Amino acid sequence: MTKKWWHDKVAYQIYPKSFCDSNGDGIGDLRGIISKLDYLKELGVDIIWLSPIYKSPFVDQGYDISDYYAIAEEFGTMEEFDELLAEAKKRDLHIIMDLVINHCSSEHEWFQKALADPYGEYADYFYFRPGKEGNAPNNLRSYFGGSCWEPVPGTDLYYLHMFAREQPDLNWENPKLRQKLYDMVNWWLQKGLSGFRIDAIINIKKDLDFPDLPADGADSMASCWRMVESVDGIDAFLTELRDETFRKHDAFTVGEVFNIKEGELPCFIGEDGYFSTIFDFSAHSLSDGKHGWYDAVPITFEKWRDTIIQSQLDVQKVGFEANIIENHDEPRGVSRFLPPYDQTPAGTKMLGTISLLLRGIPFIYQGQEIGMQNAKWNSIEEFNDISTIDQYHVARAAGLSDTEALEVCSSMSRDNARTPMQWSDAPQAGFTTGTPWLKVNENYHTINVASQENEPDSVLNYYRSLIALRKSPEYRDVFTYGTFRPAYEKTESVMAYYRISEDKRMLVAGNFGEKTAVLHLEKPVKKLLLTNETPEYTADQLTLKNCQVVVLELES
Ligand code: TEU
Ligand code: CA
């Protein structure tokens, strides 16, 4: 395997709108991010991923871009962005941006020109198709609900949007459009970006016949990912994208890829793959309901553990995946993956340890390092997220009461991750001096950065030690390249694994159950490297109480 500069890095995702507001307008901004670079450096991260900061009407929080070359006014200016890059560089921090190129905003100049001349050059930047007997071209349902097709005013044409109707899909079949995207990507890379997180990229290849697909809901429609799964030929697009852009700059790229086909992992993340890495969503997908959030499947500890183990075993044969507990599209991991009795600082540290020492590139989502949790939502009006509002209606249409639908959204909403970062116990958690765009989680009095700075045993200080261990000169190699091997799979409630290199054998083990677990050690303990509460152990036996986690070096 060729070693790459990003193999041993730890990444951190910033959701700019909710990170830090410097001017009191209730919206996080670039100046706010700049003011927290030292905090991030001290945490120990190397790569910062910024969710979209481009000019946007914010129908989908910046994932609807109206100008790829401009910074959203809400967040600041291009000068401030350049300053952020320079300040990051000073601290040896890499910045990567979100690359949203499956679709743009309906306010983008290209789409406006297409609407103005629906049979002209710019219409071919999108998918404009005639309707069928006054109906949409086919029965695909968009990710955010309703048809994937929207009428083009004044014509019998429709345009395709797999997400919101304000997010028209870009026509990747058009070489002119592709070239414009590559120019834009190179422009940002030349500016000094280290790479990109690539949004929804699996959706760029369409079935150009746009056939009806078998209905999968009461609305007679079919989820649009079924088209993604049924069509071949994305290879040519992704290879060209890589060769025209990323490869020239040795960029780090992480793809947001769902619905990968059997056997295709090497094409995506192998030595000569389209991307450096892709996210491992296998544990998150466990809760996918057949029809929406209302029929989400509960995630048991065993399923969660077995899924992560299987994924690690599959991926290590091929390359590296990016491991996450949560991101801006997911509920908070502590609330989701830990049983209620583990939702404590100790349990939070345990979950973090298990996730961060897996083989792969760890991505920490803002607030994860202090153990932020899902918020308490009192009514549907409190949510802002377009997907949550759709899922509320889906649940109501399926017969759930208002209270039940609210409960569903409370546990699944993307807004759980988007509540403002909790910096202190000052009003609005120190996020803003104004009124935040989305409410602050009520628990900020107990969960916040400032108070955890002062407690040696806090979740924050634990995360610092955890990252420092992963990156320490002595153990960096084994935690980066060491083989993953599961351990104690038959022991109820224990998630454990080895990381093994030529001269080292590490054991990472946590007890997620209420009962104490006794593990017989395969090899004598050499050193206890990290724990959230020192356990009892002898040369051949380790006792883990509820929520105890350890990182041990064993004789190899
Ligand atoms: O997400 C793509 C995606 O397919 C889902 O995770 C989607 O967000 C989810 O099904 C809705 O509940 C990416 C971004 O991460 C997301 O924030 C954007 O909304 C989406 O693309 C559109 O750009
Ligand atoms: Ca602001």
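Let's start inside the sheet: strands β13 and β14 run parallel and are joined by 3 bridges. Across this pairing, Asp280 stands opposite Asn323 in β14. Keep in mind as you look around that this is a predicted model.

Strand β13 (residues 277-280) also has a partner in β12 (residues 252-255), and these two pair in the parallel sense over 2 bridges. Here Val254 stands opposite Thr277 in β13. If you follow the side chains along a strand on your screen, a general pattern may help: in a regular strand they alternate between the two faces of the sheet.

**The enclosed spaces**

How many cavities of 30 Å³ or more are there? The count comes to 4. The largest cavity holds about 140 Å³ of space. Its lining is made by 14 residues, and those nearest its centre are Ala283, Ile308, Ile324, Ser355 and Leu358. Strand β14 (321-324) appears again here: together with α9 (282-285), α10 (301-315) and α12 (345-356), it is one of the elements that each supply at least two residues of this lining. By class, the lining has 9 nonpolar, 4 polar and 1 charged residues.

**An open pocket**

Now turn to the second largest pocket, which contains about 400 Å³ of space. It is lined by 25 residues, and Lys4, Trp6, Glu271, Phe275 and Ser276 are the closest to its centre. Which helix gives the most to this lining? Helix α7 (residues 234-249) does, with 3 residues. Sorted by class, the pocket lining has 9 nonpolar, 8 polar and 8 charged residues.

**Around the ligand**

Ligand 1 has 17 residues around it, and Asp60, Asp199, Asp329, Ser387 and Arg414 come nearest. The shell is made up of 6 nonpolar, 4 polar and 7 charged residues. For three of the nearest residues, the table gives the distance from a polar side-chain atom to an oxygen atom of the ligand.

| Residue | Ligand atom | Distance |
|---|---|---|
| Asp329 | oxygen of ligand 1 | 2.4 Å |
| Arg414 | oxygen of ligand 1 | 2.6 Å |
| Ser387 | oxygen of ligand 1 | 2.8 Å |

How much of the accessible area of ligand 1 does the protein cover? On its own, ligand 1 has 490 Å² of accessible area, and the protein covers 89% of it.

To trace all this yourself, you could begin at β13, which is joined to β14 by 3 bridges, and go on to Ile324, one of the residues nearest the centre of the largest cavity. From there, visit Asp329, whose side chain has an N or O atom 2.4 Å from an oxygen atom of ligand 1.

Terms used:
Residues are numbered from 1 along each chain as its sequence is written. Chains are lettered from A and ligands numbered from 1 in the order in which they are written. This is a predicted model: local features need pLDDT of at least 70, side-chain atom pairs count only at pLDDT 80 or more; totals for chains, interfaces and linings use all residues. Side-chain values use heavy atoms; hydrogens and water are left out. A residue is near a molecule or strand if one of its heavy atoms lies within 4 Å of it. A polar contact is a pair of N or O atoms within 3.5 Å; within protein, one must be able to donate a hydrogen and the other to accept it, and residues adjacent in sequence count only if both atoms are side-chain atoms. Accessible areas come from the Shrake-Rupley method with a 1.4 Å probe; for residues, only the protein chains shown count as cover. Ala, Val, Leu, Ile, Met, Phe, Trp, Tyr, Cys and Pro count as nonpolar, Asp, Glu, Lys and Arg as charged, and the others, Gly among them, as polar. On a 1 Å grid over the protein atoms alone, a cavity is a set of points where a 1.4 Å probe fits but cannot get out, and a pocket is an open set with protein on both sides within 12 Å along at least five of seven lines; lining residues have an atom within 4 Å of a point. Grid points are joined across faces, edges and corners, and a volume is the space filled by probe spheres set on the points. Helices (H or I, at least four residues) and strands (E, at least two) are DSSP runs, numbered from the N terminus. Two strands pair if DSSP finds at least two bridges between them.
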